[in-house]
Amino acid sequence: EVFPYSFRDLTPIASVIADFAAFVVRAESPIEKWEEVVESVVDDPESIRIAGGSVRGDLDHIAVAMALKAAGANATELLYIPYDAGGDAMAGLLSGETEILSTGLGEVLGMAKSGQVRILAITAEERMQDIPDVPTLVELGYDVTFANWRGFFGAPGLPDATATAYAELLEEMYDTPEWETVRSRNGWSNLYKAGPDFYSFLEEQEEVIGELMRELGFLE
């Protein structure tokens, strides 16, 4: 059953960050490049087991389906294995139950920097300063960008002046060294949209994600 509520039932305040998707292998994996994943999955969509920390049709699944669909694979036939949470999905990858993990960059950045896993590609528009050696899907030739954005919402009926004050406070947060420490540690990108811009962004995201989920058969 489709969740009956949307952002229209709350008071949008502002978006704050974008957490791009990352496609990850364990450190000792024989898979060296994202192109190897593409070649295998285009030939046989079930040739590689893909882990995600959420159910089929959620963001981990959508991100990898979008990426492989753009490469010519049959995204509806991918061997996607859902785990109850990101930690369980990572355990599945490290134990060899799966070959690839689709997750948010913030979930794996620390492990990648410590050498426990390798990130094959991310869904940002450009390479990120926190992981400069990791390519984007765009630079590899696939027209795919995807971000799991995070933001703040107020209760229904929140006065406009209060919502604006909260949004301005969030914007000021970007200039603090404490925020930069948190942002860098998690591999996030700043994504500030407030007021009418945030509302328009939400409408656009609703359309884009809804269209993709219909293509993949998750929505009618």
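Which residue has its backbone nitrogen 3.0 Å from a polar atom of the side chain of Asp-19? In this predicted model, the residue in question is Gly-106, and the surroundings of Asp-19 offer a way into the structure.

Asp-19 belongs to strand β1, and with a relative accessibility of 4% it counts as buried, because that term covers values under 20%. Besides the approach to Gly-106, the side chain of Asp-19 forms a polar contact with the side chain of Arg-150, at 3.1 Å. If neighbours within four places in sequence are set aside, the residues in contact with Asp-19 are Gly-104, Leu-105, Gly-106, Ala-147, Asn-148, Arg-150 and Trp-188.

One of these contacts, Gly-104, leads to strand β4, which spans residues 100-104. This strand is mostly covered, with 5 of its 5 residues buried. Strand β1, residues 11-26, pairs with β4 in the antiparallel sense over 4 bridges, whereas strand β2, residues 49-52, runs parallel to β4 and is joined to it by 3 bridges. Ser-102 in β4 takes part in both pairings, since Phe-23 stands opposite Ser-102 and Ser-102 is also the bridge partner of Gly-52.

Ahead of β4 comes the loop that connects it with helix α3 (86-95), and Thr-98 lies in this loop. Thr-98 counts as buried because its relative accessibility is 0%. Not counting residues up to four places away in sequence, Thr-98 touches Arg-26, Arg-49, Ile-50, Ala-51, Ile-81, Tyr-83, Gly-92 and Leu-93.

Definitions and conventions:
Residues are numbered from 1 along each chain as its sequence is written. This is a predicted model: local features need pLDDT of at least 70, side-chain atom pairs count only at pLDDT 80 or more; totals for chains, interfaces and linings use all residues. Side-chain values use heavy atoms; hydrogens and water are left out. Buried means under 20% relative accessible area, exposed over 50%, partly exposed in between (1.4 Å probe, protein chains only). Helices (H or I, at least four residues) and strands (E, at least two) are DSSP runs, numbered from the N terminus. Two strands pair if DSSP finds at least two bridges between them. Contact means heavy atoms within 4.5 Å. A polar contact is a pair of N or O atoms within 3.5 Å; within protein, one must be able to donate a hydrogen and the other to accept it, and residues adjacent in sequence count only if both atoms are side-chain atoms.
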